[in-house]
Amino acid sequence: MQSNLISDAVSSQRRSEKRRWSVIGILLIILVCSFILDVATGPSLLNVKNVANALLNLIGFPVEVDPTTKVIVASLRLPIAIMAVVVGGVLGVGGAEMQTLLNNSMASPYTLGMAAAAGFGAALMLYFGSLGIDTNIAVPLGAFVCCMLAATFLFALATMRHISSGQLILAGIALLFLFQSLLSLVQFVSSPELSQQILFWLFGSLSKASWTNLIIIISVTVVCMAFLIRDAWKLTALRLGEERAKSLGVNITQLRLRTLLIVAIMTATVTSFVGIIGFVGIVAPNIAKMLVGEDQRFFLPLSFIIGAFLLSSASVLSKVIVPGALFPIGIVTAIIGVPFFFWLILGKRR
Amino acid sequence: MLQVTHLNVVLDELVLAKNMSFTLEPGKVNVIIGPNGTGKSTLLKTLFGDIQAKSGEISFANQTLQRKQLSQWRKQFGYMPQDIRLDVELSVLEVVLLGQLNTLGFRLDDTVIEEALTALDKIGLLHLANRDVNKLSGGQCQMILFAQALMRKPKILMLDEPVSALDLHFQHVLLDHLDTQTKQQDWITVMVLHDLNLAAQYADNLLVLKDGQLIASGHPSDILNPALVKAVYNVDADVTKDASGVPFVRTIRRHTTTSTHVENTKQRVFNPTAEFLI
């Protein structure tokens with residue numbers, strides 16, 4: 001009798017796992033659709049079917065395809081579309097892990113000043129004329145270094161024994177203000193042309209996507225994700241509260257540092273290539289949490305997929321809002337993000 | 001045997017353990033009692049290695065607690081902290097599963113899940129397995145966290161006020177289960193309780209703490225008496241014994257304003273309760 005009840009409960013757990021995998025599957029399909037749409041939209045209007053064929057052809061399926069479409073897809077559209085997916089995914093995961101680590105659903109690398117620090121680094125590089133290095137290398141490098149600098153400060157705090165998550169968030173917000181002021185300072189002392197250049201970098205843009213950049217970003221992402229997934233259960237345990245996680249044998253200080261380092265590297269890498277893109281980091285994990293809960297085995301991949309979807313669809317929108325012109329994607333994400341954010345906040349009141 | 005010798009713990013200049021020495025034996029339920037803020041939780045945290053002692057030694061099975069081998073030390077412990085809030089989107093089963101954190105893989109085996117469910121079944125909460133923990137009552141959360149602590153298959157089990165949110169029924173379910181398991185598995189069980197009568201019923205060994213000092217220890221029937229209750233809590237009480245020799249503490253309401261008790265420690269010159277009653 002009792003064993004029946006237990007096997008019932010086992011299968012009900014399996015059903016719940018299956019349900020969550022199908023949620024992930026469905027969102028993956030939606031992501032693929034928005035990805036194809038992203039490849040299909042642009043100045044030279046391509047037909048969705050031809051684009052789909054070109055994509056199939058590129059991944060090795062023997063499909064007939066128009067050569068011009070194939071060239072446009074392969075060399076122009078595809079890198080940008082993939083960039084949107086990877087960057088969105090990374091921002092989603094970065095937010096998810098920050099929220100887990102700091103036990104606060106409003107935390108993200110953006111709100112903790114990491115993005116602002118990257119912006120400052122990029123601005124500084126532009127101001128100093130890239131220090132004689134190629135701008136395409138110098139600016140991302142400056143952004144990466146400054147972002148890691150902000151993260152290092154947070155690490156230093158996180159290693160202190162009796163610092164709470166709340167204090168860490170406050171320190172992060174203070175950093176956000178500090179780097180924003182420094183950024184304004186650089187803009188203030190720059191010439192109008194330079195200031196505008198900085199501004200455009202800050203808007204965030206996927207248009208600098210190239211296969212080389214992509215290889216860097218994808219490699220970093222794969223390695224970082226592997227580390228995070230390895231810690232999946234520990235991160236889940238962390239959500240029970242730090243003291244309880246400790247009681248379950250989690251080394252909190254180590255886990256904090258490791259996760260913070262991984263998130264910092266991921267954020268710094270993507271931010272240095274695409275500029276500042278807000279809101280994905282906060283919104284994506286919150287939606288993922290609603291759909292599959294906080295078991296990191298599901299929460300982590302879904303945060304990635306939703307982040308990827310948000311940025312991919314923002315990329316589509318950025319191309320269709322003003323036909324023929326590319327609207328800065330950083331602006332689009334915030335504009336879709338804000339109503340969404342309100343909906344989330346109000347929804348939570350129930 | 002868990003052995004504590006000459007333990008001194010000082011936190012923020014507050015002495016929470018003063019030259020404390022005691023030994024806890026396997027297969028025994030040890031209950032710590034004492035007034036609020038007297039160092040009970042601190043003592044548990046110190047045993048767990050979460051708070052560093054100023055001096056003294058803690059050892060178990062030929063192993064001494066050292067900061068370098070903390071994770072090794074902690075493997076032997078099941079520890080249930082006082083805080084029972086569970087504000088997280090996880091199911092009851094998932095929370096219990098986390099008790100076995102170190103053995104969980106990305107895919108869960110049926111056996112692991114069954115084990116967690118059996119643990120829930122034993123405390124009568126199998127029906128909650130698939131519910132969200134953030135929709136449960138405080139008492140239900142506490143029972144679930146108890147199941148989680150047991151999942152670690154500890155050699156030493158420490159519980160900080162494990163029945164604080166439980167109704168009468170579940171207080172006894174938890175404590176009975178704890179008692180049987182302690183004896184069957186030969187655990188060293190240490191828990192903090194506030195209810196002297198529960199302590200009297202379930203303790204094999206009672207440790208009485210006051211102002212960081214171990215002022216009495218032994219079997220409840222040997223040490224629980226009106227003088228002890230008065231000395232520790234500044235409350236008058238009758239202590240009677242039932243047919244099986246278990247002490248029963250009945251406190252006596254204070255009517256008079258002549259309470260003369262003045263605590264003789266520096267930290268607590270002002271006693272709000274006493275002042276209020278005057």
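# Exercises: a two-chain predicted model

The contact between the chains draws 29 residues from chain A and 30 from chain B. The model is predicted. It scores ipTM 0.83 and pTM 0.87.

**Exercise 1. Describe the side of chain B that touches chain A. Which element gives the largest share?**

Step 1. List the elements that give two or more residues to this side. They are α2 (70-74), β6 (77-80), α3 (92-97) and α4 (110-122) of chain B.

Step 2. Pick out the largest share. α4(B) supplies it, with six residues.

Step 3. Sort this side of chain B by class. There are 16 nonpolar, five polar and nine charged residues.

**Exercise 2. Classify the packing of α4(A) against α7(A). Is the pair roughly parallel or antiparallel?**

Step 1. Locate the helices. In chain A, α4 covers residues 114-127 and α7 covers residues 192-203.

Step 2. Read the geometry. The two axes come within 10 Å and cross at roughly 150 degrees.

Step 3. Apply the cut-off. Angles over 145 degrees count as roughly antiparallel. Therefore α4(A) is roughly antiparallel to α7(A).

Step 4. Give the handedness. The crossing of α4(A) past α7(A) is right-handed.

Step 5. Name the residues. α4(A) brings A:Gly119, A:Ala122, A:Ala123, A:Leu126 and A:Tyr127. α7(A) answers with A:Leu194, A:Gln197, A:Ile198, A:Trp201 and A:Leu202.

Step 6. Sort them. Eight residues of this contact are nonpolar, two are polar and none is charged.

**Exercise 3. Do the same for α2(A) and α3(A). At what angle do these helices pack?**

Step 1. Locate the helices. α2 of chain A runs over residues 48-58, and α3 of chain A over residues 67-102.

Step 2. Read the geometry. The angle is about 70 degrees, and the axes lie 9 Å apart.

Step 3. Apply the cut-off. The range from 65 to 115 degrees counts as roughly perpendicular. So α2(A) is roughly perpendicular to α3(A).

Step 4. Name the residues. From α2(A) come A:Asn50, A:Val51, A:Ala54, A:Leu55, A:Asn57 and A:Leu58. From α3(A) come A:Thr69, A:Lys70, A:Val73 and A:Ala74.

Step 5. Sort them. The contact of α2(A) with α3(A) holds six nonpolar residues, three polar and one charged.

**Exercise 4. Work through α5(A) and α6(A). Is their crossing left-handed or right-handed?**

Step 1. Locate the helices. Residues 135-159 of chain A form α5, and residues 165-189 of chain A form α6.

Step 2. Read the geometry. Their axes come within 10 Å and cross at roughly 155 degrees. So α5(A) is roughly antiparallel to α6(A).

Step 3. Give the handedness. α5(A) passes α6(A) in a right-handed crossing.

Step 4. Name the residues. A:Ala150, A:Phe153, A:Leu154, A:Leu157 and A:Ala158 lie on the α5(A) side. They meet A:Leu168, A:Ala171, A:Gly172, A:Leu175 and A:Phe179 of α6(A).

Step 5. Sort them. Nine are nonpolar, one is polar and none is charged.

**Exercise 5. Assess the confidence in chain B. Where is the pLDDT below 50?**

Step 1. Start with the whole chain. The average pLDDT of chain B is 87, and 91% of the residues score at least 70.

Step 2. Find the low stretches. Residues 262-270 of chain B have a pLDDT below 50, with five contacts beyond near neighbours in sequence. Residues 274-278 of chain B are also below 50, with seven such contacts.

**Exercise 6. Describe the annotated span of chain B. Which residues does the annotation cover?**

Step 1. Consult the record. An unreviewed UniProt entry carries the annotation "domain: ABC transporter" for residues 2-236 of chain B.

Step 2. Describe the span in the model. Residues 2-236 of chain B are 36% helix and 26% strand. The end C-alpha atoms of this span lie 34 Å apart.

Technical notes
Residues numbered from 1 in each chain as written. Chains lettered and ligands numbered in written order. Predicted model: local features only at pLDDT ≥ 70, side-chain atom pairs only at ≥ 80, totals over all residues. Axes fitted to C-alpha atoms, helices over the stretch in contact; angles between N-to-C directions. Helix = DSSP H or I, 4+ residues; strand = E, 2+ residues; numbered from the N terminus. Parallel < 35°, antiparallel > 145°, perpendicular 65-115°, else oblique. Left-handed = near helix turned anticlockwise from the far one by under 90°. Contact = placed C-beta atoms within 7 Å. Nonpolar A, V, L, I, M, F, W, Y, C, P; charged D, E, K, R; others polar. pLDDT = per-residue confidence, 0-100. UniProt positions renumbered as here; feature names shortened; annotations may be inferred.
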